[in-house]
Amino acid sequence: YGEAFMAFPIICRRLSGACDELPVLAPQALVQAIQKDVCCEIQGQIRSYNEYSTGGTHLRLKIFAKQILTRQTMGINLVALEGHICKKPVYRVTPFGREISDLLLAVNRTHGKSDYIPVIVWGQNARFAGQLQVGQKVRVEGRFQSRLYEKALESGRVEQRIAYEVSAGAIYLIL
């Protein structure tokens, strides 16, 4: 529609002190109102895009900003999603004994499109999430986070990559 957009990262500090660097896509008019190194609140949606390359298809996530507000102090990273389970949940126990479930949530948006958001669920909630069935509707509340991981390539070389996901603090079945 002739509107210019800008892509940039934001830094969100976790309660643990670790930082997440999250990708944002925003209309240029919204970005002009903020300055570098200023605390702000971004309200919007998590959007997914398929990126095609010679190595295959990769799911990319970004925060699509609908509103950006300047803040005096850094706030919290809060995400609430409602969507359908679109892949069988994977429940497992880590080597340190922590329970975890991996979900892929299809979140509908306008014009018949959907975003596919990876979600991780921990502890007792992971056991519940691991029992969910494809097609069930859930509400997830948590934070959008980044995580580094190592990918072993066919050449034998190891590459460091960043994954983005929602870490759920709560999950509810919607009937």
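**Strands, core and salt bridges in a predicted model**

His-111 is exposed, since its relative accessible area comes to 75%. In this predicted model, His-111 sits in the loop between E7 and E8. Its backbone stands out a little too: His-111 is not a glycine, yet it has a positive phi of about 65°.

The strand pairing is a good place to get oriented. E1 and E2 run antiparallel and are joined by 9 bridges. One of the pairings puts Pro-9 opposite Pro-23 in E2. The hairpin made by E1 and E2 has 5 residues between the strands, and Gly-17 there takes a positive phi near 100°. E2 also pairs with E4, this time in the parallel sense and over 2 bridges; here Val-24 has Ile-63 of E4 as its bridge partner. On to E3, which covers residues 40-53 and pairs with E4 in the antiparallel sense over 14 bridges. Ile-42 is matched with Ile-68 of E4, and a hairpin of 2 residues connects E3 to E4.

Next comes the inside. In soluble globular proteins, nonpolar side chains tend to be buried together. The largest nonpolar core here has 30 residues, and those with the most contacts inside it are Phe-8, Leu-105, Val-119, Val-140, Phe-144, Val-166 and Ile-171. At least two core residues come from each of E1, E2, E4, E5, E7, E8, E9 and E10, with E4 giving the most at 4 residues. Leaving out residues up to four places away in sequence, Ile-171 touches a set of residues that includes Leu-103, Val-121, Phe-128, Leu-132 and Val-140.

Phe-128 turns up again on the outside, where Phe-128, Leu-173 and Leu-175 form a nonpolar surface patch with about 340 Å² of accessible area together. Leu-173 belongs to strand E10, which spans residues 158-174. This leucine counts as partly exposed because its relative accessibility is 33%.

As for charged pairs, the structure holds 11 salt bridges. One of them brings the side chains of Asp-20 and Arg-14 together, at 2.7 Å from N to O. The two partners differ in exposure: Asp-20 has 1% relative accessibility and so counts as buried, whereas Arg-14, at 22%, counts as partly exposed. Arg-14 lies in the loop between E1 and E2. Besides Asp-20, Arg-14 touches Arg-143, Gln-145 and Ser-146, not counting residues up to four places away in sequence. Arg-139, on the other hand, is 125 residues from Arg-14 along the chain, and the C-alpha atoms of the two are separated by 22 Å.

Another salt bridge joins Arg-92 and Asp-102, whose closest N and O atoms are 2.3 Å apart. This pair links distant parts of the chain, with Arg-92 in strand E6 (residues 90-93) and Asp-102 in strand E7, 10 residues apart. Arg-92 is partly exposed because its relative accessibility is 37%, and Asp-102 is partly exposed with a relative accessible area of 27%.

Glu-165 and Arg-147 make a further salt bridge, with 3.0 Å between the closest N and O atoms. Glu-165 is in strand E10 and Arg-147 in strand E9, 18 residues apart, so this pair too links distant parts of the chain. Glu-165 counts as buried, given its relative accessibility of 4%, while Arg-147, at 38%, counts as partly exposed. Finally, Glu-82, Arg-139 and Glu-141 are joined into one network by salt bridges that share partners.

How values were computed:
Residues are numbered from 1 along each chain as its sequence is written. This is a predicted model: local features need pLDDT of at least 70, side-chain atom pairs count only at pLDDT 80 or more; totals for chains, interfaces and linings use all residues. Side-chain values use heavy atoms; hydrogens and water are left out. Patches are made of residues with over 30% relative accessible area and no salt bridge: like charges are joined within 9 Å, nonpolar side chains (Val, Leu, Ile, Met, Phe, Trp, Tyr) within 5 Å. Accessible areas come from the Shrake-Rupley method with a 1.4 Å probe; for residues, only the protein chains shown count as cover. A salt bridge is a side-chain nitrogen of Lys or Arg within 4 Å of a carboxyl oxygen of Asp or Glu. Buried means under 20% relative accessible area, exposed over 50%, partly exposed in between (1.4 Å probe, protein chains only). A nonpolar core is a set of buried Ala, Val, Leu, Ile, Met, Phe, Trp, Tyr and Cys residues joined through side-chain atoms within 4.5 Å. Contact means heavy atoms within 4.5 Å. Two strands pair if DSSP finds at least two bridges between them.
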